[in-house]
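Work through the exercises below with the structure open. Each task is followed by a stepwise solution.

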Number of protein chains: 2
Amino acid sequence: MRAFSRDFQQDLRDLMRWRRDVRRFRTAPVDEALLADALGAFSLAPSVGLSEPWRLVRVDSDASRAAVLANFEAANTDALQGYSGDKAARYASLKLSGMREAPVQLAVFSDEDTTKGAGLGRQTMPEMLRYSVVSALMLFWLAARARGLGVGWVSILDPERLARDLDTPADWRLVAYLCIGWPEDDGDTPELERLGWETREPDLEVLSR
Amino acid sequence: MRAFSRDFQQDLRDLMRWRRDVRRFRTAPVDEALLADALGAFSLAPSVGLSEPWRLVRVDSDASRAAVLANFEAANTDALQGYSGDKAARYASLKLSGMREAPVQLAVFSDEDTTKGAGLGRQTMPEMLRYSVVSALMLFWLAARARGLGVGWVSILDPERLARDLDTPADWRLVAYLCIGWPEDDGDTPELERLGWETREPDLEVLSR
């Protein structure tokens, strides 16, 4: 059994502490070999019944980028309508996506129709397919950050419109839209906390039954 | 900006390679300080709008353990009905949960009614709350494995029955049931692959649009 040192455990905690949801990217390109190396983390993820339902679409063309950006802007305008007063002003001032700058952008889907895994572990909880995809992108996020790359997860999107615009198979469901690149700034505090939107709980509560 | 060494990147890949979904546990207890340390990873996870929707329930009492085990056994019997012939025989031979042995068991919920984060990032994709919980438990899984602890994710459960049996708040939705403890054996190959249920894809495919 592979053991891990105390130093590694501390570094891993640092990695988690310094992982950020990045919205401010430099436009400098990302080396393809480095990206492929970080993407290798997907294949190491757990998946229900070994279904490996993750499906990746790299969004590269000007037309695709424009469609996704328009999608985000429409959803963001709608979301703003849900706030009023100070909260609306604050929402409007937030930068919630790095889509205009991030050199690499990945739409991450779950294949809801995969036969891989033969349905094991998802009879009562079919959402396990999507959860497997989240597990995988989380490993990728850490692998990317360990190499200095920033990742930002954009969820202010109409997922059906995005799937249509990217012309993906009917049974693929959008799980995440990831912006990837070199972060402009960085820190160990989430931007939403720094800008006063919300604070993190100091302690984790665990109930007992 | 905190940088990470090449050695760390390799060790992180090893950690991901050696992380397993563990179903075979020793009954030896887990030190509480070690467990708390690993659980600290939850608080370092990304969450939509900083909503931190994870809610943890430690399942300790004999009555609660018996209820969850009965839930699993019923769901597993139902699942077996969905297979026939060789696949049924193979399914029946799999050990799909470590519930009888794992010294620590955690039910992990998403608080679907939290006001934390003020709804940011989840107007068009409300499932982002559950995805945030998956992100957090994934960090915990890695932190646990870095300390030698095994984690097994059980999804063969009726989530509503489980919430009822554990008497959790109405707006909490089950995301995962985790068995935690010292693994009996370990390896770098998933048990489902070793036992011939399914194989992993050698390569990650990335489409382009």
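## Exercise 1: The core

Task: Find which residues Val108(B) touches, leaving out those up to four places away in sequence.

Solution. The model is predicted. Step 1: Val108(B) touches Trp54(B), Leu56(B), Val133(B), Leu137(B), Val175(B), Ala176(B) and Leu178(B), once residues up to four places away in sequence are set aside. Step 2: place Val108(B) in its core. The largest nonpolar core has 118 residues, and Val108(A), Phe140(A), Val108(B) and Phe140(B) touch the most other members. Step 3: recall the general background. In soluble globular proteins, nonpolar side chains tend to be buried together.

## Exercise 2: Chain A as a whole

Task: State how many helices and strands chain A has, then decide whether its radius of gyration agrees or disagrees with that of a compact globule.

Solution. Step 1: chain A has 7 helices and 5 strands. Step 2: read the order from the N terminus, which is α-α-β-α-α-β-α-β-α-β-α-β. Step 3: compare the radii. A compact globule of 209 residues would have a radius of gyration near 17 Å; chain A has 18 Å, so the two agree. Step 4: add the box. Along the principal axes, the C-alpha atoms of chain A fill roughly 55 × 45 × 45 Å. Step 5: check burial and contact range. Of the 209 residues of chain A, 46% count as buried. Among contacts in chain A with a separation of 6 or more, 87% come from residues 24 or more positions apart.

## Exercise 3: Strand β4 in both chains

Task: Decide whether the residues of β4(B) are buried or exposed, and find which strands pair with β4(B).

Solution. Step 1: apply the cut-off. A residue is buried if 20 or more other C-beta atoms lie within 10 Å of its own. In β4(B), 10 of the 10 residues are buried, so the strand is largely enclosed by the rest of the structure. Step 2: take strand β2 (residues 104-111) of chain B. It runs antiparallel to β4(B), joined by 8 bridges. Ser110(B) has Arg173(B) as its bridge partner in β4(B). Step 3: take strand β3 (residues 150-154) of chain B. This strand is also antiparallel to β4(B), with 5 bridges. Here Gly152(B) has Cys179(B) as its bridge partner.

Step 4: turn to chain A. Strand β4 (residues 172-181) of chain A has 10 of 10 residues buried, so it is largely enclosed by the rest of the structure. Strand β2 of chain A joins β4(A) through 8 bridges, antiparallel. Strand β3 of chain A pairs with β4(A) in the antiparallel sense over 5 bridges. Ile180(A) is the bridge partner of Val104(A), and Ile180(A) is also the bridge partner of Val151(A).

## Exercise 4: The interface

Task: Work out how many residues each chain gives to the contact and what symmetry relates the copies.

Solution. Step 1: count. Chain B gives 77 residues and chain A gives 77 residues. Step 2: list the elements. On the side of chain B that touches chain A, those giving two or more residues include α1 (6-18), α3 (62-81) and α5 (128-146) of chain B. Step 3: sort by type. That side of chain B divides into 42 nonpolar, 15 polar and 20 charged residues. Step 4: look for strand pairing across the contact. Strand β1 (residues 54-58) of chain A pairs with β5(B) in the parallel sense over 3 bridges. Leu56(A) stands opposite Val206(B).

Step 5: superpose. A turn of 180° and a shift of 0.0 Å along the axis lay chain B on chain A with an RMSD of 0.0 Å. That is the relation of a two-fold axis. Step 6: compare the surfaces. Of the interface residues of chain B, 100% are also interface residues in chain A, so the copies meet through the same surface.

## Exercise 5: Positive phi

Task: For Glu52(A) and Asp167(B), decide which state applies, buried or exposed.

Solution. Step 1: note the general trend. Most residues other than glycine have a negative phi. Step 2: take Glu52(A), whose phi is positive, near 40°. Glu52(A) lies in the loop between α2 (32-39) and β1 of chain A. It has 25 C-beta neighbours inside 10 Å, so Glu52(A) counts as buried. Step 3: take Asp167(B), whose phi is positive, near 55°. Asp167(B) sits in the loop between α6 and β4 (172-181) of chain B. With 9 other C-beta atoms within 10 Å, Asp167(B) is exposed.

Notes. Residues numbered from 1 in each chain as written. Chains lettered and ligands numbered in written order. Predicted model: local features only at pLDDT ≥ 70, side-chain atom pairs only at ≥ 80, totals over all residues. Contact = placed C-beta atoms within 7 Å. Helix = DSSP H or I, 4+ residues; strand = E, 2+ residues; numbered from the N terminus. Nonpolar A, V, L, I, M, F, W, Y, C, P; charged D, E, K, R; others polar. Pairing = 2+ DSSP bridges. Rg over C-alpha atoms; globule rule 2.2 N^0.38 Å. Buried ≥ 20, exposed ≤ 12 C-beta atoms within 10 Å, placed from the backbone. Core = buried A, V, L, I, M, F, W, Y, C linked by C-beta atoms within 7 Å. Least-squares fit on C-alpha atoms with pLDDT ≥ 70 in both.
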